[in-house]
Amino acid sequence: MRFKLRHDNTENKVKLKVEGLHCHKLISQCVAHNITIQNLSYINELEIVLTVKERQYSQFLQLTKNQYIVTVLGKSGTRFTLKQIFNRKSILIGFAVFLLLIGYRGQFVSDIYIDGLKNIPKEEMYKVLEDNGLYVGCSKKVDILSLKDTLYNQMGDRLNWIYIKIKGTTAYVEVVEKAPTLAKFDYKVPCNIIAKKDGYLTKIVAKNGRANLAVGDFVRKGQLLIGGTKTVTVPAIGESTNGKPMPPVAKQEYFHALGDFYAKAIYHFNVNQERYEVVKEETGKDVYGIQLEVGDFKWSSYHLFKGFDRSELHAFTLIDLAFDGLESIKFFEGRTPPRIVIKLIDCKEIVATKRERSEEEISVLMKKVVRDKLKAGMPKSAQILKQDLKYDATPWTVKVTVNLETLEQIGEEQAITTPEV
């Protein structure tokens with residue numbers, strides 16, 4: 001049995017375990033004295049767990065008198081969290097460094113956001129910006145007009161419009177790409193049509209060239225469907241020694257084969273899913289610290305803490321300073337200053353339990369894995385004709401054997417290398 005009353009994450013709270021007879025009477029007394037009870041849980045008839053506001057904790061103890069045993073399980077809230085942080089010297093040192101560097105950090109670009117790209121890869125755009133002086137860690141004093149002119153000169157064939165603005169320590173880049181021109185295919189280039197996968201042919205549309213197979217035939221991957229070569233006879237030039245005409249000469253000609261080949265393709269694969277999953281739950285206990293990175297050197301106050309039996313470490317970047325471009329400063333003697341990163345780390349204690357998934361959960365996970373496999377291996381234009389799923393359950397896993405029959409266009413072009421004349 002569990003109750004949840006009003007809950008306020010901003011106010012300081014104390015989590016308590018209360019042991020004694022007639023705990024429900026104590027709850028009634030709290031309500032009568034306007035003491036807010038939160039996260040009330042009945043463990044058994046003699047034990048309850050609840051949370052009260054810190055400012056009402058003394059009043060709550062007065063109500064318990066000597067009839068109940070009260071144990072403090074934990075504290076939460078803004079004041080308790082700050083107290084925990086400032087009780088650790090390493091955190092104070094980290095924040096002192098933070099205050100010293102925060103003003104200096106504001107003189108450099110810390111993030112670059114690019115919007116509007118459709119065909120140009122983001123990696124390419126970031127590289128072009130970096131080559132022209134705009135990158136993470138560079139000075140905010142960037143000549144934006146000069147940078148835009150350079151980008152238009154370098155990428156004017158692909159960009160219609162560029163907008164660059166530096167706000168705070170973030171650079172925002174917006175672009176409008178030119179509509180891509182459709183490439184005209186050179187049908188003079190000779191090629192064959194081959195099968196890109198196994199299947200039973202159901203339909204053949206030969207547009208240029210003659211099909212080597214018929215509907216109903218089984219084809220293998222790589223098998224020739226339409227050849228881009230043909231043999232023709234041409235009259236011979238000149239006369240033979242006896243004065244009679246020369247016989248015709250056979251000549252190989254090359255052309256661009258065209259055609260669509262539709263076939264039934266078979267997909268077969270297995271999917272396994274574990275019956276049990278490991279569930280991690282936070283106990284509410286955590287320890288804060290600071291991680292400092294200077295170049296390749298790393299130091300963390302977490303190593304000063306013995307740690308929990310099971311824990312998860314979360315890191316939040318407070319400062320990330322790159323000093324590229326400062327080699328000219330005499331102090332650094334031509335070397336790039338090391339990168340400085342300061343992170344706030346939060347080590348949370350967890351307990352791990354094993355939970356058996358329900359049949360519905362396993363079914364949902366199975367279907368997702370099957371969809372992902374089909375999406376990766378089957379073209380979007382494919383039509384599923386038949387689907388067969390066979391389940392094989394064991395005490396620890398569930399195995400699904402998937403057999404699919406699809407209708408696909410399996411022909412693809414293969415360039416022909418013509419002999420030099």
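A residue is counted as buried under 20% relative accessible area, as exposed over 50%, and as partly exposed in between. In the predicted model described here, Tyr-172, at 35% relative accessibility, therefore counts as partly exposed, and this residue belongs to one of the aromatic pairs considered below.

A search of the whole structure finds four aromatic pairs. In one of them, the ring centres of Tyr-113 and Tyr-172 lie 6.0 Å apart and the ring planes make an angle of 20°, so the pair is stacked, given that planes under 30 degrees apart are assigned to this class. The two residues come from distant parts of the chain, since Tyr-113 is in strand E6 (residues 111-115) and Tyr-172 is in strand E8 (residues 170-177), 59 residues apart. Like Tyr-172, which is partly exposed, Tyr-113 is partly exposed, with a relative accessible area of 47%.

Another of the pairs is formed by Tyr-276 and Trp-396, whose ring centres are 5.5 Å apart and whose planes stand at 50°, so that this pair is classed as tilted. Tyr-276 lies in strand E16 (residues 276-294), whereas Trp-396 lies in the loop between E20 and E21, and the pair therefore ties together parts of the chain that are 120 residues apart in sequence. Tyr-276 has a relative accessibility of 29% and so counts as partly exposed, while Trp-396, with a relative accessible area of 53%, is exposed. The ring of Tyr-276 also has a charged residue over its face, namely Lys-354, at 6.0 Å from the ring centre. A further arrangement of this kind involves Lys-230, the charged end of which sits over the ring of Phe-255, 5.8 Å from the centre of that ring.

The strands E20 and E21, between which the loop with Trp-396 is placed, take part in an open sheet of five strands with the order E11-E10-E15-E21-E20 and with antiparallel pairing. Strand E11 (218-219) and strand E20 (383-393) stand at the edges of this sheet, and because each has a single partner strand, one side of each is left without a neighbour in the sheet. The partner of E20 is strand E21 (residues 397-409), to which E20 is joined by ten bridges in an antiparallel arrangement; within this pairing, Val-400 in E21 is the bridge partner of Tyr-391. Helix H7 (residues 359-377) packs on the sheet, where the helix touches both strand E15 (258-274) and E21, and the direction of H7 makes about 150° with that of E15.

Methods. Residues numbered from 1 in each chain as written. Predicted model: local features only at pLDDT ≥ 70, side-chain atom pairs only at ≥ 80, totals over all residues. Heavy atoms only, no water. Pairing = 2+ DSSP bridges. Helix = DSSP H or I, 4+ residues; strand = E, 2+ residues; numbered from the N terminus. Contact = heavy atoms within 4.5 Å. Axes fitted to C-alpha atoms, helices over the stretch in contact; angles between N-to-C directions. Phe/Tyr/Trp six-rings, centres within 6.5 Å; stacked < 30°, edge-to-face > 60°. Buried < 20%, exposed > 50% of the residue type's maximum accessible area, 1.4 Å probe, protein only. Lys NZ or Arg CZ within 6 Å of the ring centre and 35° of its normal.
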